[in-house]
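Colleague: I should like to learn how to read a structure of this kind. Might we go through it together, one feature at a time?

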Amino acid sequence: MKYITCIEDLRQIHKRKVPKMFFDYVDHGSYAEETLRANVDDLKRIKFRQRILVDISKRDLATTILGDTYAMPLILAPVGSTGMQYGDGEIHACRAAQAAGIPYTLSTMSICSIEDVAGNVEKPFWFQLYVMKDRGFVKALIERAIAAKCSALVLTVDLQVIGQRHQDIKNGMTVPPEIFRPKNLIDIATKPGWVKGILGAKQRNFGNIAGHLPGSKDLESVSAWVASQFDASLNWKDIDWIRSIWPGKLIIKGILDVEDAREAVKVGAEALVVSNHGGRQLDGAPSSIEVLPEIVHTVGSHIEVMFDGGIRSGQDVMRALALGARSCMIGRAYIYGLGAFGGPGVSKAIDIIGRELSTTMGLCGVNAINQIDEKVLAE
Ligand code: FNR
């Protein structure tokens with residue numbers, strides 16, 4: 001991996017190694033992908049203020065996230081079907097995050113279950129919850145996260161209806177995936193490494209769901225259940241109910257509006273994530289970085305503000321921190337690494353971003369994460 005120098009390198013290798021239907025599922029966004037592009041482009045436009053002749057020999061990326069100390073202000077975001085990019089992908093990604101000293105978030109829609117991951121990693125991880133119509137199932141899921149000693153609950157609130165991703169429909173990346181379509185089969189046949197990894201994996205279904213529903217064992221029936229379960233009626237009152245079951249730290253993910261940020265404070269969440277789901281939901285929504293400053297300004301002293309959307313480098317992390325985020329989640333950036341090389345690829349992605357952040361801090365004349373603010377930015 002010596003010649004892999006940036007996240008884009010990992011993306012190119014992911015694209016080569018993983019069947020197109022699964023790569024496209026990661027790489028694309030909803031509808032015209034305007035928000036997906038804006039996430040990346042708006043970050044890039046933010047310029048740094050170079051400072052010189054400051055002693056930057058003792059740079060330290062360590063920080064606290066919800067009171068716990070981590071190696072850097074970076075979190076692996078929840079990503080559904082991670083285990084379809086690489087066999088046992090969730091376990092590999094979680095191990096890589098823990099080795100690097102940062103949090104990992106397991107998606108409700110993961111392939112490896114909460115128990116699969118908990119049984120194969122050393123430390124607690126975070127669990128991301130989608131609230132399904134079947135509240136008995138949701139309660140049981142939260143109780144499983146408690147039993148697995150998950151250390152935070154990330155409640156994703158921007159998926160009450162699902163934004164359409166054209167590419168997924170064209171590729172047959174539907175629920176369930178049309179793997180046996182001739183076009184997909186031919187493509188998959190050219191990726192034997194991927195096939196081997198998936199066949200050798202412990203799980204090839206939605207592990208948090210399969211086996212936890214009466215009578216639904218195959219991918220088709222589990223997928224059909226999932227598709228019918230997204231709850232359009234979900235509202236702020238439901239948060240109290242979740243609070244009554246989950247005793248730990250609550251992070252509300254998917255906030256783009258100041259009014260909603262205020263509500264998140266009111267319901268007593270410990271953190272919120274400014275996020276548009278990586279440009280996969282409301283196309284035409286502002287980029288995450290565009291709305292970050294106002295949200296930080298309004299609620300930043302009452303709640304920990306996290307950020308995601310469009311981060312492809314340590315420079316991007318620095319930009320979000322400069323505009324007030326306390327930490328950043330990455331989605332695609334680490335999945336590209338996973339698809340390219342499994343666990344070592346995730347480690348590589350984290351390492352690349354950490355080094356870029358450290359160098360950028362140095363060239364802006366700061367030594368510590370808590371020194372990063374608007375002063376590191378050019379006009
Ligand atoms: C996601 N995201 C997501 N979020 C969530 O809360 N639960 C989930 O299951 C998923 N699944 C998912 C799958 C894929 C393939 C992607 C790319 C993203 C959103 C994710 O947590 C995060 O908000 C974005 O990925 C951030 O944007 P970047 O870093 O990918 O640009």
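**Reading the model**

Modeller: Let us begin with the fold: the protein chain contains 17 helices and 10 strands. Its radius of gyration is 20 Å, close to the 21 Å that the globule rule gives for 379 residues, so the chain is as compact as a globular protein of that length. Please note that this is a predicted model.

Colleague: What box do the C-alpha atoms of the protein chain fill?

Modeller: Taken along the principal axes, the box is roughly 65 × 50 × 40 Å. Buried residues account for 49% of the 379 residues. Among contacts between residues at least 6 apart in sequence, 72% join residues at least 24 apart.

Colleague: Where in the protein chain is confidence lowest, and where is it highest?

Modeller: The general idea is that predicted coordinates should not be read in detail where pLDDT is low. Here the mean pLDDT of the protein chain is 96, and 99% of its residues reach 70 or more. Confidence is lowest in helix α11 (residues 219-227), with a mean of 82, and highest in strand β3 (residues 74-76), at 99. The model scores are ipTM 0.99 and pTM 0.97.

Colleague: How many residues of α5 are buried?

Modeller: As general background, an α-helix has 3.6 residues a turn, so residues three or four places apart point the same way. Helix α5 (residues 89-100) reaches 17 Å from its first C-alpha to its last, close to the 16 Å expected at 1.5 Å a residue. Of its 12 residues, 10 are buried, so α5 is largely enclosed by the rest of the structure. Among these buried residues are Glu90, His92 and Arg95, together with Ile91 and Cys94.

Colleague: What covers the buried residues of α5?

Modeller: The cover includes β3, α4 (82-85), β4 (105-106), α6 (114-118), α16 and α17. Just after α5, Gly101 takes a positive phi of about 80 degrees.

Colleague: Is Lys348, which is found in helix α17, buried or exposed?

Modeller: Burial is judged by counting neighbours, and the cut-off for a buried residue is 20 or more other C-beta atoms within 10 Å. Lys348 counts as buried because it has 23 C-beta neighbours inside 10 Å. Leaving aside neighbours within four places in sequence, Lys348 is in contact with Met1, Ile4, Leu10, Gly337 and Phe341. Lys348 and Leu10 are 338 residues apart in sequence, yet their C-alpha atoms are 8.8 Å apart in space.

Colleague: Which residues come nearest to the ligand?

Modeller: Of the 25 residues around the ligand, the nearest are Ala77, Gly80, Thr156, Gly278 and Gly331. The elements giving two or more residues to this shell are α2 (20-27), β10 (327-330) and α16 (332-341). By class, the shell has 10 nonpolar, 11 polar and 4 charged residues.

Colleague: Finally, how should one read the sign of phi?

Modeller: Most residues other than glycine have a negative phi. Glu33, in the loop between α2 and α3 (34-45), has a positive phi near 60 degrees. Leu66, in the loop between β1 (63-65) and β2 (68-70), has a positive phi of about 50 degrees although it is not a glycine.

Colleague: How many other C-beta atoms lie within 10 Å of Glu33, and how many within 10 Å of Leu66?

Modeller: Glu33 has 18 and is partly exposed. Leu66 has 19 and is partly exposed.

Note on methods:
Residues numbered from 1 in each chain as written. Predicted model: local features only at pLDDT ≥ 70, side-chain atom pairs only at ≥ 80, totals over all residues. Contact = placed C-beta atoms within 7 Å. Near = placed C-beta within 6 Å. Helix = DSSP H or I, 4+ residues; strand = E, 2+ residues; numbered from the N terminus. Nonpolar A, V, L, I, M, F, W, Y, C, P; charged D, E, K, R; others polar. Rg over C-alpha atoms; globule rule 2.2 N^0.38 Å. pLDDT = per-residue confidence, 0-100. Expected span 1.5 Å × (residues − 1).
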